[in-house]
Amino acid sequence: MEKYRRSFSSLKPSKTRMINPVEFGIFSCAFEEIVRFFNDDISIGLAHFMTMHNHLEDYSQRAVGFYLDNTILKVVSCWDYSFQVLNQFWGLDFLSSARSREILSDIYQKRWKVVETGDSFTLACSDYSEKQLAEINEKLKQALVVLHADNFKKQVKRSKKIALTPELDRLMELFNSQPCKELRTQWRNHVTHGASMTFGLHISGINSTLPTEGLSFTHPAKRRDDMLCLLQQNMDVLQKGIQLVHDIVWDNIVPNSRQNSGKMFYGVQLDCPNCDFKDCLTQDVFDLLHAKGRVPRFDCPKCRSPLTVLQHLEMAERDYNWLLFNVEKFEGHLQNYLKDSSS
Ligand SMILES: [Zn+2]
């Protein structure tokens with residue numbers, strides 16, 4: 001089994017890039033699960049298949065087929081899990097399943113209001129008119145999108161939420177590489193919709209002599225050497241895909257919004273030499289105060305000591321937007337500076 005296990009390298013946290021520690025913690029845990037799924041669940045299945053493949057006389061077709069089914073489905077699912085992490089990390093809001101879309105549709109198709117009942121309040125719902133419902137359903141069709149790894153990039157483009165990044169191109173390139181495509185479109189679909197590899201009787205493939213489907217006793221995975229080679233190639237590509245999503249999260253690569261494509265965002269990290277206070281301001285606010293003709297002095301909101309500039313940081317647009325709320329902490333100082341400068 002060790003033959004199939006891989007190690008995934010963690011990037012050293014970048015010193016010049018702002019990392020959100022809460023997000024970093026949550027997504028590190030999500031990744032740990034995917035890495036364990038790769039190294040334990042998938043590798044175990046593949047190792048079993050490999051052992052049986054080498055001693056076919058000792059095992060039935062059903063036993064071999066069981067592990068083959070298992071490995072094919074798990075490899076393809078592992079891609080989906082990785083895309084789900086990216087969906088959450090990039091805040092794309094695609095839904096993880098058709099069931100979630102169904103539940104949300106049911107909620108939005110009713111008119112909800114809070115009703116006072118004696119000493120308490122309760123939620124009551126009523127129906128929309130047919131015309132209103134048709135308009136709502138049209139909007140829901142655009143808003144409630146279920147994530148499909150197969151057309152992830154197409155959905156990202158359609159949603160117009162984020163700018164496309166080279167990392168996404170690279171990920172899609174791996175996902176659509178020949179071994180992955182073959183495993184997904186040919187074998188996963190066969191196992192999911194046609195027949196399990198444990199079956200003796202299978203749906204026959206279409207060929208030029210007989211251009212139709214039928215039933216056949218010829219097992220589609222009879223050439224097990226080819227199947228083993230395909231699975232090994234898939235493990236190599238999957239490893240690169242997981243590593244890439246891992247690097248995106250570790251390096252906090254969050255695409256800009258579509259309208260700010262290509263724009264860079266910066267912040268300034270301020271540090272209190274007297275206590276443990278550390279915080280950031282956007283570079284633009286910082287520069288604005290410099291532009292008033294004097295070096296601004298920020299006092300620590302905790303101990304009132306003068307803060308020093310620790311470093312200038314590159315950051316994602318999303319983190320930059322959050323930082324704008326930080327101005328509130330320095331509001332008193334900012335107002336004083338602006339007043340002093342204008343007088
Ligand atoms: Zn302080």
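In this predicted model, V75 touches I42, L183, L231, N234 and L238, leaving aside residues up to four places away in sequence. V75 also turns up, along with L68, I72 and L183, among the residues with the most contacts inside the largest nonpolar core, which has 40 residues. Helix 1, helix 2, helix 5 (152-159), helix 6 (166-175), helix 7 (178-194) and helix 8 each give two or more residues to this core. Apart from it lies another core, this one of 12 residues, with C280, F298, Y320 and L323 among them.

Helix 1 is worth a look of its own. It runs over residues 21-54, and at 1.5 Å a residue its 34 residues should span 50 Å; the C-alpha atoms at its ends are 48 Å apart, so the expected and actual spans agree. Still, helix 1 has a kink of about 35°, centred on S43. That same S43 is on the list of buried residues in the helix, together with F27, F31, F38, I42, G45, L46, F49 and M52. As for what these buried residues pack against, the partners are helix 2 (61-89) and helix 8 (224-250). A bit of helix geometry helps in reading such a list: an α-helix has 3.6 residues a turn, so residues three or four places apart point the same way. I42, buried in helix 1, is also one of the residues that V75 touches.

Then there is the sheet. Three strands make up an open sheet in the order 6-5-7, and the pairing is antiparallel. Strand 6 (278-282) and strand 7 (308-315) sit at the edges, each pairing on one side only. From one strand to the next, the twist averages 30°. In general, strands of a sheet pair through backbone hydrogen bonds, either parallel or antiparallel. Here, strand 5 (residues 265-271) and strand 7 are joined by 7 bridges in the antiparallel sense. One detail of that pairing is F265, whose bridge partner in strand 7 is M315.

Stepping back to the whole protein, there are 11 helices and 7 strands. Of its 343 residues, 21% count as buried. Contacts between residues far along the chain from each other feature strongly in the tally: taking the contacts with a separation of 6 or more, 74% are between residues 24 or more positions apart.

Key: Residues are numbered from 1 along each chain as its sequence is written. This is a predicted model: local features need pLDDT of at least 70, side-chain atom pairs count only at pLDDT 80 or more; totals for chains, interfaces and linings use all residues. Helices (H or I, at least four residues) and strands (E, at least two) are DSSP runs, numbered from the N terminus. The expected span of a helix is 1.5 Å times one less than its number of residues. The bend at a residue is the angle between axes fitted to the seven residues ending there and the seven starting there. A residue is buried if 20 or more other C-beta atoms lie within 10 Å of its own, exposed if 12 or fewer, and partly exposed in between; C-beta atoms are placed from the backbone. Two residues are in contact if their C-beta atoms, placed from the backbone, lie within 7 Å. Two strands pair if DSSP finds at least two bridges between them. Axes are lines fitted to C-alpha atoms, for helices over the stretch in contact, and angles run from 0 to 180 degrees between N-to-C directions. A nonpolar core is a set of buried Ala, Val, Leu, Ile, Met, Phe, Trp, Tyr and Cys residues joined through C-beta atoms within 7 Å.
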